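Got the structure open in your viewer? Let's take a short walk through it, selecting as we go.

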Amino acid sequence: MPSSALLSRSLILGAALAAISGAVLAQSQGKPPMADIRFITLDPGHFHAALVQKEMYAGVSPHVDVYAPLGPDLLDHLARVAAFNRRPAKPTAWELDVHTGPDFLERMLREHPGNAVVISGRNRGKVDRVQASLDAGLHALVDKPWILEASDLPKLERVLSTADERKLVALDIMTERFEVTSELQRELVNDPATFGKLVPGTEADPAVTMESVHYLKKIVAGAPNPRPVWFFDTEQQGEGLNDIGTHLVDLTQWTLFPEQAIDYRRDVRVLAAQRWPTMIPRAEFRSVTREDFPAFLAPRVKDDTLEYFCNTLVSYTLRGAHVVLSVIWDWEPAPGTGDTHFAYYRGSRARVEIRQGAAEKHRPELYLVPATPADKAAVLAAALNKIASVQAEYPGTAVVDQGGELRITIPDALRVSHEEHFAQVTQRFLRYVRDRGTLPAWERPNMLAKYYVTTEGTALARRAPPRPAERRAPR
């Protein structure tokens, strides 16, 4: 690494250490008694690890032990937590005890000063770290994806069995379940008077379609988000379906079959998949990593441009319903825009659709599209009844007749940002840890089904020549 980069990161570390917990890192001696729950952060290579600490939690110790190798990933993590501690509005008060060295994992397993570990970083080998943490008696809050290859499904099954046997919680961070448009979409899809019956569809005209567009260069927590160089190595990070695809597969199962267990051996059939790269010039790569192309990416560099296979489309059936999911990573959003989510479910009476294009001012909005003009009156009446029935949970939501379709209006008070969803997931995790009986039994089989689709789809896409998928979301 260039000396200027080392100096820059040294300054970041200095600022982080000065800001965290009143400029004092807690020492191993004289630690306060363990709170109800005390976090450990393991090798925080992705910014999602820091977002877990964007808020404080009742009954959770402010003292967090961080075990990681000394390097840019750790320094970036410390800087993010420090920024949360010193922000003017509702600052956090985290105290970090940092343990570095090549044996950081072994030290964490041996010492485990807390009772819940947060894992968010390099994805290859992640499932092994989760297994080791559970074997050490730790609950685990883990960012996706847990596995990248279908051959690792037995490891995932063993992890979940260990958690059950030891009465521990191992939870995948599925933030999109807390997006209000997705919650209301689920409510309407499961209201037969509004939705009718699910139309099974075909590969060409599926029952469920989703398209998720993310950006490699973006702002996170109010600052430009640096990407580690390994993020661009699909052998470590995975491809598009491996990563973002976990959310789309999860939402499909969670929406169509709420509170139901999915058996991937009987209920899922992966039909087709394709992938294509996003091309990243050297200068752009430097702008988000602060480094040049590393040697391990050399095989993917062509004409001074990185060929990054981060886009995937998969077609599969779920209990006979055709599903098409598309994951896309573009370079940088236009001003005033950001990541987008497009999703629809086809019912015999209406299609329930999330759009996030220019017409929605790049904010997710929810629509009902009657199957035929003759269905509109009945769909409108049913939607009014359904939205009235959920006012206690979603106060202020309403149905607006827009002619050929209906829009579900959602008050700003109910809209929570993606970053804030991490606190919501963490709160759910804490509830499960304190009362494991509240952890739904269907989470285990549905997690296996989710990773079956993402790993099989990725493997299938790799067998064919690269081919871009047609974009389906309204712009």
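Start by selecting helix α14, residues 376–389, in this predicted model. At 1.5 Å a residue, its 14 residues should span 20 Å, and the end C-alpha atoms are indeed 20 Å apart, so the two figures agree.

Now colour Lys376, Val379, Ala382, Ala383, Lys386 and Ile387: these are the buried residues of α14. Look down the helix axis and you'll see them fall within an arc of 130°, so they line one face of α14. Why does that spacing work? An α-helix has 3.6 residues a turn, so residues three or four places apart point the same way. Flip to the other side of α14 for the exposed residues Ala377, Asn385, Ala388 and Ser389.

What do the buried residues of α14 pack against? Show helices α7 (180–189) and α8 (192–195), plus strands β15 (350–355), β16 (365–370), β17 (398–401) and β18 (406–409).

Next stop, the largest pocket, with a volume of about 1200 Å³. Select Lys218, Gly338, Asp339, Gln356 and His418, which are the closest to its centre of the 48 lining residues. Elements supplying at least two lining residues each include α7, β14 (340–346) and α15 (418–434). By class, this lining has 17 nonpolar, 18 polar and 13 charged residues.

Finish at the second largest pocket, about 650 Å³. Of its 33 lining residues, Arg177, Arg428, Tyr432, Trp442 and Glu443 are the closest to the centre. Light up α16 (443–462) too: α16 gives the most to this lining, with 5 residues. Here the classes come out as 17 nonpolar, 1 polar and 15 charged.

How values were computed
Residues numbered from 1 in each chain as written. Predicted model: local features only at pLDDT ≥ 70, side-chain atom pairs only at ≥ 80, totals over all residues. Heavy atoms only, no water. Helix = DSSP H or I, 4+ residues; strand = E, 2+ residues; numbered from the N terminus. Expected span 1.5 Å × (residues − 1). Buried < 20%, exposed > 50% of the residue type's maximum accessible area, 1.4 Å probe, protein only. Arc of directions from axis to C-beta. Contact = heavy atoms within 4.5 Å. 1 Å grid on protein atoms, 1.4 Å probe; cavity = no way out; pocket = protein on both sides within 12 Å on 5 of 7 lines; lining within 4 Å. Points joined across faces, edges and corners; volume = space filled by probe spheres on them. Nonpolar A, V, L, I, M, F, W, Y, C, P; charged D, E, K, R; others polar.
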